[in-house]
Amino acid sequence: MANSWFLLLAVVSALAIISKTIFNQKLEKHLPPGPNPWPIIGNLNLIAFDPRRSIQSLCEKYGDIMLLKFGKFPVVIASSSEMARQFLKVNDAIFASRPALAAGKFTGYDYKNMAWAPHGPHWIQARKIYHMEVFSDKKMESFEHIRVEERRDLVSRLCSLSGKTIMLKDHLSKYTLSIICRMLISKKYFVESEHENSSSKHLESMVGELLDLNGVFNIGDWIPWLSFLDLQGYVGRMKALQKKLDKFYDYVIDDHEAGRAAEKDFNPKDLVDVLLQMAENPNLEVKITRDRIKGLIQDIFNGGIDSTANAIEWAIRETLKHPHIAEKAKAELDKVIGRKRWVEEKDLTQLPYIDAIVMETLRLHPLATFLTYHYSIKDSKVAGYDMPKGTTVLINIWSIARDPKTWDSPNEFLPERFLGKEVDVLFGSNFTLLPFGSGRRRCPGLSFGLKVLRITLANLLHGFNLKLGEGIRVKDVCSEDMGTAVTRPKVPLAVVVEPTLPHDLY
């Protein structure tokens, strides 16, 4: 009995010392406001079960910059355009790194991709490869025939399903997957065949799960001594998924290596060919290994397939919910394009209302609730507050896009708010709208994503009369997302498509 009392007294004393230490540290530094943390768990008790809604509620109480403790780790939430500017522009160089989380270790080839890599030589080299070999203006132009061919395949497939109720997202996912695969590794790996990983549906599913797992709130990241328990099962899922993806990447790389060996004067045909060629260069600052090739392929899969399809579906969903918007868009298309051809990419600059619908979609339905974690590499001051080295930062773009101080009627879908205004999302200099981030960690594929989103939306509205599935009324169209880090629609969209252009165009 005496031993039990002694143990209890020791635990209480230890907790008191920890609490006092935390309190004194807060007095010594001028830190952002936030709820008082508990020993060991910090503020995890406030957010663990529903991180997005919990953080949103706390931001309303503590303001546009808030300090939380995830376990012992400081995490700052920025929820206004000005606070976003402070982290992504004024102090960008300090906060351009990433924390070492399980997602980066187990789905990013031990941080050998670009998305989860810390700021340093590997990250700089990877970003340069993306800019030069995938997303440069020259490369985007050379890939235009791929986008055209896959778009024609999409509209032809939809035309063949005229009058039937379809799940639009299924067709959009296959479409975006096909475009990206032809750019990166060639489409032949995604036809239905006997190879277990070659089905497009199977790969879409894996990429969707990859996106989800990269946005989960994993308790083991913040209380490391509990990580071995994998309390939520996320790490187990990450390992299982990476094993399946790794098998597929090995298949693709092996096939590319065989193609290079069989051809005497080989010319690279896609990104994998380019990376294999670069791997032979002894003068690179960071050697391109097989895992780095896999990581770089995976980043584009993760960032460009499901998120682009989601954005297109959100735009169509809003035009169905607001028929007058669809009518206005169709009138613009009829006036500029006419009824005898499809919309081409060169036409997009003449379609301001289509662009306004895209911008409003990205505002009201950003691709994610938060930008991927930023991480400070040294002590600094932001907006007058002390930011210790090792502070993690979450930019709450969901809240920024709904800030009533910036946006009139922020919860309404109003494309007209963007007419006659130039909103820079390409370079991330307008911090009121940050669907692709800003600064050094800005999404390298944003121009590609916008191009696909704009041209696909324009052609779907131009070439089809889209109706809600049987029994679904306009007022029943759900505009809610699933409430997770990835803002997928809560309810799948069932539509009936009816071609409206001359039949020979399909």
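This is a short chat about one predicted chain, its overall build and three of its residues.

Trainee: What am I looking at, and what are the ground rules?
Mentor: A predicted model: local features need pLDDT of at least 70, side-chain atom pairs count only at pLDDT 80 or more, and totals for chains, interfaces and linings use all residues. Residues are numbered from 1 along each chain as its sequence is written, and side-chain values use heavy atoms, with hydrogens and water left out.

Trainee: OK. How many helices and strands?
Mentor: The chain has 19 helices and 9 strands. Both are DSSP runs numbered from the N terminus: helices are H or I with at least four residues, strands are E with at least two.

Trainee: Why call the chain as compact as a globular protein of that length?
Mentor: Its radius of gyration is 24 Å, close to the 23 Å from the globule rule for 506 residues, so the chain is as compact as a globular protein of that length. The radius is taken over C-alpha atoms, and the rule is 2.2 Å times the number of residues to the power 0.38.

Trainee: And the box?
Mentor: Along the principal axes, the C-alpha atoms fill roughly 90 × 60 × 45 Å.

Trainee: What share of the residues is buried?
Mentor: 55% of the 506 residues. Buried means under 20% relative accessible area, exposed over 50%, and partly exposed in between (1.4 Å probe, protein chains only).

Trainee: What about contacts across the sequence?
Mentor: Take contacts with a separation of 6 or more. Residues 24 or more positions apart account for 73% of them. Contact means heavy atoms within 4.5 Å.

Trainee: Switching to charges. How far apart are the mean positions of the positive and negative ones?
Mentor: They are 3 Å apart, for 67 positive and 61 negative charges. Lys and Arg count as positive, Asp and Glu as negative; His and the chain ends are not counted. Each charge sits at NZ of Lys, CZ of Arg, CG of Asp or CD of Glu.

Trainee: Any annotated residue?
Mentor: UniProt, in an unreviewed entry, puts a "binding site" at Cys-443. Such annotations may be inferred rather than shown by experiment.

Trainee: Where is Cys-443?
Mentor: In the loop between α18 (397-400) and α19 (446-463).

Trainee: Why does Cys-443 count as partly exposed?
Mentor: Because its relative accessibility is 30%.

Trainee: What's odd about Ser-409?
Mentor: Ser-409 has a positive phi of about 45 degrees although it is not a glycine. Ser-409 also lies in the loop between α18 and α19. Its relative accessible area is 43%, so Ser-409 is partly exposed.

Trainee: And Ala-383?
Mentor: Ala-383 is no glycine either, yet its phi is positive, about 55 degrees. Its loop runs between β5 (380-382) and β6 (385-387). At 38% relative accessible area, Ala-383 is partly exposed.
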